[in-house]
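Hi,

Here is the structure I promised to pass on. Have a look at it first, and my notes follow underneath.

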Amino acid sequence: MDITHLTDSLNTPQREAVCASPCHQLILAGAGSGKTRVLVHRIAYLIQVQGVAPNQIMAVTFTNKAAREMRERLQQLLGDVGGPNRFSGLWVGTFHGIAHRLLKMHWREAKLPENFQILDSDDQLRVIKRVYQALQIDEKRWPHRQAQYFINGSKDEGLRAQHIQDSHDPYTTTMKMIYSAYEEACQNSGLVDFAELLLRSHELWLSSPELLKHYQDRFVHLLVDEFQDTNSVQYAWLRVLAGNACWVTGVGDDDQSIYGWRGAKIENIQQFEKDFSNTAVTKLEQNYRSTNTILSAANAVIQNNNSRLGKQLWTEDGDGDPIDLYSAFNEQDEARYIAECIEQWQKEGNSLASSAVLYRSNAQSRVLEETFLREGIAYRIYGGQRFYERMEIKNALAYVRLVLNRHDDPAFERVINTPTRGIGEKSLEALRLTAREQGCSLFDAAAALLANNVLPARAANCIKAFLALLDELQGGIDSLGLAEQVEYVINASGLYEFHQKEKGERGQARIENLQELVNACRAFNAEDADRAPIAEFVDNAALGSGEQQADEYQDAVQMMTLHSAKGLEFPLVFIAGVEENLFPHKMSADSAEGLEEERRLCYVGITRAMKKLVLTHAESRRLYGSETYNPLSRFIREIPEKCIQEVRLKAVVTRPANVANVRKDNALKAAYSDEGDGEFKLGQRVAHAKFGEGVILQFEGRGPGARVNVAFTDAGSKWLMMQYAKLQAVER
DNA sequence: TCATTATAGCGCTGT
DNA sequence: GCTATAATGA
């Protein structure tokens, strides 16, 4: 058989991995070394050359994005070979998605109600808060977040509350108590959080040997992407499923392990070779993505980490452009510089979508966003406040969830008084109390209280009306299509009207989001014929796989955190806020492991860039309300000097830059051309009678009508008319 | 008793 | 900045 289409485009180590005879494989693939390509070609090879049936293969990823990409690339490779269903039965999905699928199919064995719902971390926190109330725990002494962290951390390690060692310290005792009550609350309401999906499906293997046997017999090849991100439960889950007769392929890069805080264990890579005998190890070190300069920087940075398996990326590509380093006065100036560079990039004939701005924390996106908006640069933000996490969307979905499962307490609490219908804290407290005493759901409690006639008339009427509404919703969605169902729920619940009455642009935005939700329903393709599409839609929303937004195809600058950039590549990459306390983040600075993880994150960021990398930092930054002055990130000093060129505005070069070549590139000409009037320059420190001292960021126009943008120390940044502002130059 | 409005406290990364 | 609580008004 002709297999050139599978091997043509591969280098020697890649080809060896793809064409290996059945065996356990560990592929250590550096950034940009063609990891996904190898994985996809390997699957195609198994099917087309080794005759493995598609339904004997499972491929697991971490993000929905990666799963989607793998599916698409498989389709490209195999699509025309054997008709549309050529690889039906092949399982491609995220750990969470596959675990969810298993639990849905085997809910009885997993001891879950058939219509169990997924809890996102927001919902989870709500449940925890309710547990605090029930147990009368002081949230001042034990912050809610701490309990959430404890619960998730325990689950990631495969530990139930009962497995937590009893000890005499109050911390463990309290946490164990909370964990235990939380488990009970979830079980009673049929709720499953993210970590629970994994833990539960692992327990499913252990408690149902015949079920496990079925899947062990079925899957002959197990392929796992981003292996360095697996946590203890995921690894245990894999090992059990693999059994003794399954070939496991792990693909990963220890240098890109950035989810330690979520329980990921790099050690799993080392453990792999011990647990699966005769593992063939392949290293992919040739990089096809970046210039030599970018790779040198990445290699130099990551070399400062101690615990590494050891890899050195190389490329046949030339040196390319140096890495630019821009020192901004503040975050406004930083954003302005980035916007200018992007405009220049676009003028040179590049698309906006070929550029990306990466940052350590989502809070940084706001200033960038405002600047892009002002400059008319289209942008698209990934992550941050996600669509399905918006309040109005969660409210709408809560109604849907209640229709599907009335015992879903978090959903019940969320909407019982949204829109306001006269059921306040007092009534709710009565419901909670009954639910707690009876060990039943809030819904049952409401019904019971009404039946017993123990509520004040007014509250009783309101609750009665709410329950009637639920009935009405349930009746109303029969025989409607998915989108119409959701539309109906939004209208009949009064949510639409509620948000319409909200003042300001906020309400308008929420209405638009709700409409967007209906659109998303319309575009949704249900896959599981056995389930109501609406139920599947809600689960999908909770698992975050509906992440596509409306403007997906618009040409726009891509903005995201460094974490969510993993696996992506862009010709032009900005990393903003390369400062101590921000990157590396101050929360990670006190531990060696924390710092090494930050460094790996930096490595991930650098290696996203194909042609050009720009690093920016701000000398002063307004963060969380107060002004901060952060020194340059240590990571910058770890990059060889020859790779970097410092870009500074002429106006503020008061001391010689310590890097040889200070460049006057095209992007900066725009800045030079508007140098302003006479004594005032960009970066000039000025004083204003009312606003105090500040720094000039930008000029617009000339003569008496000219305007100037000044970032004031106390008053924030303002646009002022030159002729009225009466600015005084301040000598530094 | 509930709804609305003003103020204090807290903040990383994400399935 | 946003959310959770406290104080105020209906």
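**The annotated binding site**

An unreviewed UniProt entry lists A29, G30, A31, G32, S33, G34, K35 and T36 under "binding site". UniProt positions are given in the numbering used here, feature names are shortened, and annotations may be inferred rather than shown by experiment.

Before you go further: this is a predicted model, where local features need pLDDT of at least 70 and side-chain atom pairs count only at pLDDT 80 or more, while totals for chains, interfaces and linings use all residues. Residues are numbered from 1 along each chain as its sequence is written, chains are lettered from A and ligands numbered from 1 in the order in which they are written, and side-chain values use heavy atoms, with hydrogens and water left out.

I looked at two residues from that list. S33 sits in the loop between β1 (25-29) and α3 (35-48), and K35 is in helix α3. (Helices, H or I with at least four residues, and strands, E with at least two, are DSSP runs numbered from the N terminus.)

Are they buried or exposed? S33 is buried, because its relative accessible area is 1%, and K35 is buried too, at 14%. (Buried means under 20% relative accessible area, exposed over 50%, partly exposed in between, with a 1.4 Å probe and protein chains only.)

Leaving out neighbours within four places in sequence, S33 is in contact with Q14, L284, Q286 and Y288. With residues up to four places away not counted, K35 touches A29, D225, E226 and V251. (Contact means heavy atoms within 4.5 Å.)

**The DNA strands**

DNA strand B has 24 residues around it, the closest being R360, N362, G422, S427 and T561. Sugar and phosphate make up 50% of the strand B atoms that come within 4 Å of the protein. (A residue is near a strand if one of its heavy atoms lies within 4 Å of it.)

Some polar contacts (pairs of N or O atoms within 3.5 Å) are worth a look. Polar side-chain atoms of H96 and W261 lie 2.9 Å and 3.1 Å from a base oxygen of DNA strand B. For N362, a backbone N or O atom is 2.6 Å from a phosphate oxygen of DNA strand B. The elements giving two or more residues to this surface are α18 (425-438) and α25 (562-565).

DNA strand C is surrounded by K129, E139 and R366. The side chain of K129 has an N or O atom 3.4 Å from a phosphate oxygen of DNA strand C, and R366 also has a side-chain N or O atom 3.4 Å from a phosphate oxygen of that strand.

Cheers

Terms used. Polar contact = N/O pair within 3.5 Å; in protein donor to acceptor, adjacent residues only side chain to side chain.
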